[in-house]
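I am keeping these entries while I look through one structure, writing down each thing I looked up and what I found.

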Amino acid sequence: MSGNNVEENANHASNSKGISLPMTRVKLIMKSSPDVSSINQEALLLTTKATELFVQHLALSSFNNGPGKDQTLLYSDLANTVEEKETFQFLTDILPKKILVRDYLKLLEENPIEEADN
């Protein structure tokens, strides 16, 4: 079976399984790890579906926790959910709350960073 047929089968499988994330991108991300040498089709399918479900769960949680004024999901809704819910706190470095420069400078003045001894 050629490489094109394998990708074609993977795309067909993803469409028939109700997956909307591109499996080729997920595979590319998985292969970026130095510990991964090859990826089984079933593992790729399950990882793609799990990723999709996780993103959906994060989006729904953020939407439900948002101000509810309109039908829009904002970055601030995602950042607030990540900060407030323990389930998502591992994402605080990826989705930090936005802070104005003047507020950041105030924080630096109040809590100066001590330089490490060399």
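**Notebook: domain, helices and rings**

I began with the record, where an unreviewed UniProt entry lists residues 20-59 under "domain: Transcription factor CBF/NF-Y/archaeal histone". I kept in mind from the start that what I have in front of me is a predicted model. For the span 20-59 I then looked up the make-up, which is 70% helix and 0% strand, and I noted that the C-alpha atoms at its two ends lie 15 Å apart.

Next I turned to the whole chain and asked which elements it holds. The secondary structure comes to five helices and zero strands, and read from the N terminus the order is α-α-α-α-α.

I also looked up how much of the chain is covered, and found that 19% of its 118 residues count as buried. The chain exposes about 9500 Å², of which carbon and sulfur atoms supply 53%. For contacts in the chain with a separation of 6 or more, I noted that residues 24 or more positions apart account for 33%.

Then I went to one helix and asked which residues of α4 are buried. I found Asp77, Leu78, Ala79, Thr81 and Val82 there, and when I looked up what the buried residues of α4 pack against, the partner was α3. I added a reminder for myself that an α-helix has 3.6 residues a turn, so residues three or four places apart point the same way.

My next entry concerns aromatic rings, for which a search of the whole structure finds two pairs. Phe54 and Phe90 form a pair that is tilted, with 6.1 Å from centre to centre and 40 degrees between the planes. I wrote out the reasoning for that word: the angle of 40 degrees is neither under 30 degrees, which would count as stacked, nor over 60, which would count as edge-to-face, and therefore the pair is called tilted.

Where in the chain do Phe54 and Phe90 lie? Phe54 belongs to helix α3 (residues 41-65), whereas Phe90 is in the loop between α4 (75-84) and α5 (101-110), so that the pair links distant parts of the chain, 36 residues apart. I then checked whether these two rings are covered: Phe54 counts as partly exposed because its relative accessibility is 32%, while Phe90, with a relative accessible area of 56%, is exposed. I also recorded that Phe54, Phe88 and Phe90 form one aromatic cluster.

My last entry is about a charge and a ring, where I found that the charged end of Lys98 sits over the ring of Tyr75, 5.1 Å from the ring centre.

Methods: Residues numbered from 1 in each chain as written. Predicted model: local features only at pLDDT ≥ 70, side-chain atom pairs only at ≥ 80, totals over all residues. Heavy atoms only, no water. Phe/Tyr/Trp six-rings, centres within 6.5 Å; stacked < 30°, edge-to-face > 60°. Helix = DSSP H or I, 4+ residues; strand = E, 2+ residues; numbered from the N terminus. Buried < 20%, exposed > 50% of the residue type's maximum accessible area, 1.4 Å probe, protein only. Lys NZ or Arg CZ within 6 Å of the ring centre and 35° of its normal. UniProt positions renumbered as here; feature names shortened; annotations may be inferred. Contact = heavy atoms within 4.5 Å. Areas by Shrake-Rupley, 256 points an atom, 1.4 Å probe, with all protein chains shown as cover.
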